[in-house]
Amino acid sequence: MPPMSLPRSVLIGLLALVCGFALPSGVSFAADGGHARTHEALHEAVVRYGVPGALGWVQDSGGVWHGSAGVADRRTGRPRQARDRFRIGSLTKPFVATVLLQLEAEGRVRLDDPVGRWLRKVPLGRYGAAFGDRRHTVTVRRLLGHTSGIPGYTADPAFRRAYFGTPFLTERWASHTPRELIAPALKRGPLFTPGTAWSYSNTNYVLAGMVIEAVTGRSYAEEIEHRIVRPLRLRDTSLPGTSPRIPGRHGRAYSALGGRDGERYDVTALNPSLAGASGEMISSDRDLVRFTRELLTGGLLPPRQLREMKSTRAIARHERYGLGLTARTLSCGVTVWGHDGTIHGSHSAAFGTADGSRTAAFNVNADWGARSTRAMVEAEFCG
């Protein structure tokens, strides 16, 4: 008689019963309408990658599914729960890009406007004029697509010493203006001639936020609230500015702060102005699914602007980048669209199929969890 083949999820459950250990809170292996592999990936994030907890939310033709694993608070053992709020880091970027593309659709700004047209007091002279060719200047398009050549301010050695090591524990309360953030990057000069290469840079999106304010007379935060958060009823989503709090129900956020000694630090409270328009937002998996779904189905942008957003260039073997949007081709050949986001104590991912028919968002309350969320995306769209 051939050996009985059981699904991996069932084997994990049986092993837990035989060996007497508990599965992470929130993990269930009951019939779930086709998301069993995703459930396993949440569990593996805790067991294999060592994150405290993981969350997932999916919307497809079968309805809504959500799952969780591990804990929201290592001290109390409180499990992670659907609708927990968390910092989304660079998942702020698609929101900022969407606002600028809406303004472009309204004729208030052009993607190929030189940024200097809108930010006359920002010293961008070395980016364009230095090359003696107006075709190679920093434009709004090049900010959104990371082809400006402007270095990332988070790569500045002084910034990294203060914010990516244990000094962060005291520095995290400091407030930063956009001009303070971008100053060190602009002093360094171009990485390459604008428009000729690609390099991910948080400076680009701090500048994009400044352009929104120059065009509208209101901050990028106000415009995101007015144009996206309120119309979509994203009740878990906020732009905290300089407030160190996460409003509403949330767990704790943990960071290794660059150390290799295994120490994990609670970094839940921080002043998010250190990220600004490049990554300050707070949200939930549910809200990220709603936003991503509306974006991909044309609910936020006219067809031409959505095509611009999805006009991509290769940045890695299986990834392309557009204007605030990543196209990732998975192992099974499916291409999904969305973005990742990391900030101290949190890593998130929100992706959907090109037509938005299946959309998923994931979060781990640890900033070392990028590989685990990639595995969750793979499990959901290829499982």
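This passage describes the overall make-up of a predicted model, then turns to helix α8 and to Thr-216 in helix α9.

The protein chain holds 13 helices and twelve strands. Of its 383 residues, 55% count as buried. The chain exposes about 16,400 Å², and carbon and sulfur atoms supply 52% of that area. Contacts across the sequence are well represented: among those between residues at least 6 apart, 69% join residues at least 24 apart.

Helix α8 offers a convenient place to look at packing. Within this helix, which spans residues 178–188, the residues Leu-181, Ile-182, Ala-185 and Leu-186 are buried. These four lie on the same side of α8, because they cover an arc of only 120° around the axis. The partners of the buried residues of α8 are α6 (157–163) and α9, against which they pack. Just after α8 comes Gly-189, with a positive phi near 85°.

Helix α9 itself runs over residues 202–216, and Thr-216 belongs to it. With a relative accessible area of 17%, Thr-216 falls under the 20% cut-off and therefore counts as buried. Its side chain takes part in two polar contacts with backbone oxygens: that of Ile-212 lies at 2.8 Å, and that of Arg-218 lies 3.0 Å from a polar atom of the Thr-216 side chain. Beyond its neighbours within four places in sequence, Thr-216 is in contact with Leu-103, Arg-108 and Glu-223.

Technical notes:
Residues are numbered from 1 along each chain as its sequence is written. This is a predicted model: local features need pLDDT of at least 70, side-chain atom pairs count only at pLDDT 80 or more; totals for chains, interfaces and linings use all residues. Side-chain values use heavy atoms; hydrogens and water are left out. Helices (H or I, at least four residues) and strands (E, at least two) are DSSP runs, numbered from the N terminus. Buried means under 20% relative accessible area, exposed over 50%, partly exposed in between (1.4 Å probe, protein chains only). A polar contact is a pair of N or O atoms within 3.5 Å; within protein, one must be able to donate a hydrogen and the other to accept it, and residues adjacent in sequence count only if both atoms are side-chain atoms. Contact means heavy atoms within 4.5 Å. Accessible areas come from the Shrake-Rupley method with a 1.4 Å probe; for residues, only the protein chains shown count as cover. The arc is that of the directions from the helix axis to the C-beta atoms.
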